[in-house]
Amino acid sequence: MRILFANLIQFLRFSVNSIGIVLLGWIHIARSGSLFLFHFWKKKILLDQIFFILLFLQLVFSVLPWFSYEIRFFDSPETVNIGPKWNFLFILVSLLNFFFLGFWKSSWVRVWFFATQLVLAIILIWGYLEPTRYYFDFINEKEVNFKITFYIFSIVSAFSFLFGFLTFQKEDSIYD
């Protein structure tokens with residue numbers, strides 16, 4: 001018991017003493033990461049910057065809930081927010097598009113981007129027309145309200161497609 005207590009004291013002393021160096025490490029990582037992003041941002045043309053922001057917004061709005069419905073518990077209304085049934089697809093595609101197109105450019109990434117954005121657009125439109133197939137299946141369709149985040153995601157995805165096309169055209173004209 002005495003050895004256990006001594007080891008615990010030694011561990012706590014080491015932990016407290018190492019807080020400073022851990023904080024310095026995190027400050028260094030944050031500073032170098034911020035400088036990298038700042039220099040990366042300065043190198044981009046305006047179309048690329050707008051495209052980068054749109055891809056980031058698409059990622060953010062893919063994570064947020066798109067629908068809400070009301071439930072009554074003991075005569076007290078409660079609003080429940082839910083994401084689409086296929087939420088993993090929207091998040092995964094948005095995440096991959098953000099990282100591939102935001103930080104890395106190649107010919108296959110263009111094909112990937114346009115293919116996945118078209119698939120997302122098809123699922124968005126089809127899901128809007130038949131929400132119980134792609135978005136939710138355990139709730140009555142008439143009880144569910146589409147939230148503003150669904151519409152913002154749809155608009156941002158369309159603008160991402162458009163600005164991706166314009167950015168790629170601009171890059172081709174610069175490098176040809």
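This section describes the confidence, helical segments, nonpolar cores and selected buried polar residues of a predicted model.

The mean pLDDT of the protein chain is 82, with 90% of its residues reaching 70 or more. Confidence is lowest in helix H5 (residues 131-134), where the mean is 70, and highest in H2, where it is 88. Where pLDDT is low, the predicted coordinates should not be read in detail.

An unreviewed UniProt entry lists residues 14-38, 50-68, 88-104, 111-128 and 148-168 under "transmembrane region". In the model, residues 14-38 are 100% helix and 0% strand, and the C-alpha atoms at the two ends of this stretch lie 36 Å apart. Residues 50-68, by contrast, are 74% helix and 11% strand, with a separation of 30 Å between the end C-alpha atoms. Helix H4 (residues 107-129) comprises 23 residues and, at 1.5 Å a residue, should span 33 Å; the distance of 34 Å between its end C-alpha atoms therefore agrees with the expected value. The buried residues of H4 are Val109, Phe113, Phe114, Thr116, Gln117, Leu120, Ile123, Leu124 and Gly127.

The largest nonpolar core has 15 residues, and those with the most contacts inside it are Phe51, Leu55, Phe98, Leu101, Phe113 and Phe168. Two or more residues are given to this core by each of helix H2 (46-63), helix H3 (87-103), H4 and H6, and the greatest contribution, 5 residues, comes from H2. A second, separate core is made up of 14 residues, including Ile82, Val93, Ile123 and Phe150. When neighbours within four places in sequence are set aside, Phe51 of the largest core is in contact with Leu101, Phe113, Ser160, Phe163, Gly164 and Thr167.

Polar residues are also found in buried positions, as Asn97 and Ser157 illustrate. Asn97 is placed in helix H3 and counts as buried because its relative accessibility is 0%. Apart from neighbours within four places in sequence, Asn97 is in contact with Leu55, Gly102, Trp112, Phe113, Thr116 and Gln117; among these partners, Phe113, Thr116 and Gln117 belong to the buried residues of H4. Ser157 is located in helix H6 (residues 148-175) and, with a relative accessible area of 6%, is likewise buried, since the cut-off for this class is under 20%. Beyond residues up to four places away in sequence, Ser157 touches Gln58 and Gln117. Gln117, itself a buried residue of H4, is thus a contact partner of both Asn97 and Ser157.

How values were computed. Residues are numbered from 1 along each chain as its sequence is written. This is a predicted model: local features need pLDDT of at least 70, side-chain atom pairs count only at pLDDT 80 or more; totals for chains, interfaces and linings use all residues. Side-chain values use heavy atoms; hydrogens and water are left out. Helices (H or I, at least four residues) and strands (E, at least two) are DSSP runs, numbered from the N terminus. Buried means under 20% relative accessible area, exposed over 50%, partly exposed in between (1.4 Å probe, protein chains only). Contact means heavy atoms within 4.5 Å. UniProt positions are given in the numbering used here, feature names are shortened, and annotations may be inferred rather than shown by experiment. The expected span of a helix is 1.5 Å times one less than its number of residues. A nonpolar core is a set of buried Ala, Val, Leu, Ile, Met, Phe, Trp, Tyr and Cys residues joined through side-chain atoms within 4.5 Å. pLDDT is the predictor's confidence in each residue, from 0 to 100.
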